[in-house]
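Work through these short exercises with the structure in view. Each one has a worked solution.

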Amino acid sequence: MSVIREQDLITSVADALQFISYYHPIDFVDAVHEAYKREESQAAKDSMAQILINSRMCAEGKRPLCQDTGIVTVFLKIGMNVQWESEMSVHDMVNEGVRRAYTHPDNVLRASILADPAGARKNTKDNTPAVIHMEVVPGDTVEVHVAAKGGGSENKSKLAMLNPSDSIVEWVKKTVPTMGAGWCPPGMLGIGIGGTAEKAMLMAKESLMEPIDIHELMDRGPQNRSEELRLEIFKAVNDLGIGAQGLGGLTTVLDVKIHDCPTHAASLPVAMIPNCAATRHAHFVLDGSGAADLEPPKLEDWPEIVWEVGESVRRVKLEDVTPESVKEWQPGETVLLSGKMLTGRDAAHKKMVEMIHNGEELPVDLTGRFIYYVGPVDPVRDEAVGPAGPTTSTRMDKFTHTMLADTGLLGMIGKAERGPVAIEAIKEFGAVYLMAVGGAAYLVSKAIQKAEVVAFPELGMEAIYEFEVVDMPVTVAVDTKGTSVHITGPAEWKAKIEAQALEIK
C-alpha cells in the first residue's frame, strides 16, 4: 500500500503546470523541425521558424510559450491500494496545485477561467477550477496526466453522431476546413470513436496526451484498423493544403491520435479535438516516495533556427500610416510595425460597441489607429509585458463593421482568418487586417518596449493597453480590397499537392 501525501500531489501538479508552460515536449519540437525542413511554402516555413525560435526562447527564459496559458485538464488513475494522507479531496488538492502554478511570482501565468459562464463571467483570478477526470484502477500508484489547453484550439472541437455506414475519413476531410486556422496549426488531432457522445469527446482529449509517433507508424506499417485510420486521416488532412497558421503549405497536422470504444449498433459517435502549436502536457506517477521530479530537456535538443525577414519586408511607423498608404500593402507581405498600437479583444469590443450604440464617448480615440487582439500575460522582472501573442480574430468579426464605421479604426492585428462579414467590412472601409503568428507569444513580446493600460482596467487581461513596439513582425492577411491569404493560400497549395500526386502516379 502506498501513502500519497497531500503536499506531494499539490506540488507535483504545480510544478508540472509551470514546466509545461515553457517547455514544449521534445517530440513536438522534433516534429515541427522536420516539417519546417520539408516545407515548400515560404509563408508556412516562416511561421514554423517563429514557433521554433519562440520555443527555445521560452525554454531559456522560463516564460510561457503562449499568452493563453490554457484551461487545465487533469487525468488521474488512482490505484485501489492507495491511501491518502490528506484532509482535502483529490479535486481540492489538484486545484490547489493549479492555484500555486498560475500565481507563481517568477513566472506568472494568465488567469483565463471565468465563473458563471452564462452570466457575469467573472474571472476566478487563479485559473481554477481545473477539469478533472478520475479513474480507479488496480495498483498502488497515482498516475497523472496534466495538460493546459488554449481556448483557440479548444473552441474548434467537433462532435458528430455519424451513421454506422458513414466514412470517418470523409467527415474529417469535410470538417477540418470549417475549423479555420484559429487552432494554430501545425498541431495534432485527437479523435475519439465510439462509446457515447461524452465518451468520444473524453477519448479525443485523452489521446492528445500521447507523444508524436506517426512517422514510426509509417515505417513499421499499421497493425489494426485504428492505425490504418490514423495514416489515412493524416494524409487526407495534410493534402488539404491548409498549412501552418492556415497560410497554405504541406503540413497542417503533425500527428493524428485515435482512441476508440465499443458503441451501440445504431451509433457512430466521432469527436475531434485539435492541439495547437503550444502543445502542453506532462505525465508523472506518484508512488509515495515524494513529489514528482520532471526532468527538463537540454537546450541542445532544440534546433538552431534563424528567421530573417528578407529584403522585401515593409517597415512601417504606425504614426505615419494613412488610409492611402495601406492600399499599397499586398496580401502575404511581411510588415514590421513600429510605434504605438492599442489592444482590445472580446470584452473590450463588446463594451465599446455598447458605448457607441448608447451615444457615449469612447475612452480612447481609434481614428487612424491599429488595434491588436491580445490578452497578455502579466510582466515579471524587467519585462514591459509578458508573452503577448494574438487571439483568434473571428471572435471580433461581429463587432468589426461598427468599429470601422464609427471609430475611424484603420487596422486590426490578430490570429488566423477573418470571416465573410469582417472581410466585407474591411473592403468597404478600406481597412487592413494583419496576422501575427499564434504560438510565438514570447517572441512577439520582445518587440513590445512599453505597455500601459489606458481603458477598462476592470477587465484584467482584457483591458485596453497601449503598446509601443519596435519591428513587430506581421503578415498582411486581408488587404484593403478584401483579398484574404487564408482563402488564396490553402487553395493554391491544395492544387499544388494534387498536381504533385498526379505526377507521382
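**Exercise 1.** Is Arg 230 buried or exposed?

Solution. This is a predicted model. Buried means under 20% relative accessible area. Arg 230 has 9% relative accessibility, so Arg 230 counts as buried.

**Exercise 2.** Find which side chain Arg 230 meets in a salt bridge, and place both residues.

Solution. Step one: the partner is Asp 255, at 2.9 Å from N to O. Step two: Asp 255 sits in strand β10 (residues 253-261), while Arg 230 sits in helix α9 (residues 225-238). The two are 25 residues apart, and the pair links distant parts of the chain. Step three: Asp 255 has 0% relative accessibility, so Asp 255 is buried.

**Exercise 3.** Examine the salt bridge between Asp 68 and Arg 110.

Solution. Step one: the N to O distance is 3.7 Å. The cut-off is 4 Å, so the pair qualifies. Step two: Asp 68 lies in the loop between α3 (42-61) and β2 (71-79). Arg 110 lies in the loop between α4 (90-102) and β4 (114-115). They are 42 residues apart. Step three: Asp 68 is buried at 13%, and Arg 110 is buried at 6%.

**Exercise 4.** Describe the setting of the salt bridge between Glu 492 and Lys 496.

Solution. Step one: the side chains meet at 3.0 Å, N to O. Step two: both residues lie in helix α15 (residues 485-504), 4 residues apart, about one turn of the helix. Step three: Glu 492 has 42% relative accessibility and counts as partly exposed. Lys 496 is partly exposed too, at 33%.

**Exercise 5.** How many salt bridges does the structure hold?

Solution. The structure holds 32.

Definitions and conventions: Residues numbered from 1 in each chain as written. Predicted model: local features only at pLDDT ≥ 70, side-chain atom pairs only at ≥ 80, totals over all residues. Heavy atoms only, no water. Buried < 20%, exposed > 50% of the residue type's maximum accessible area, 1.4 Å probe, protein only.
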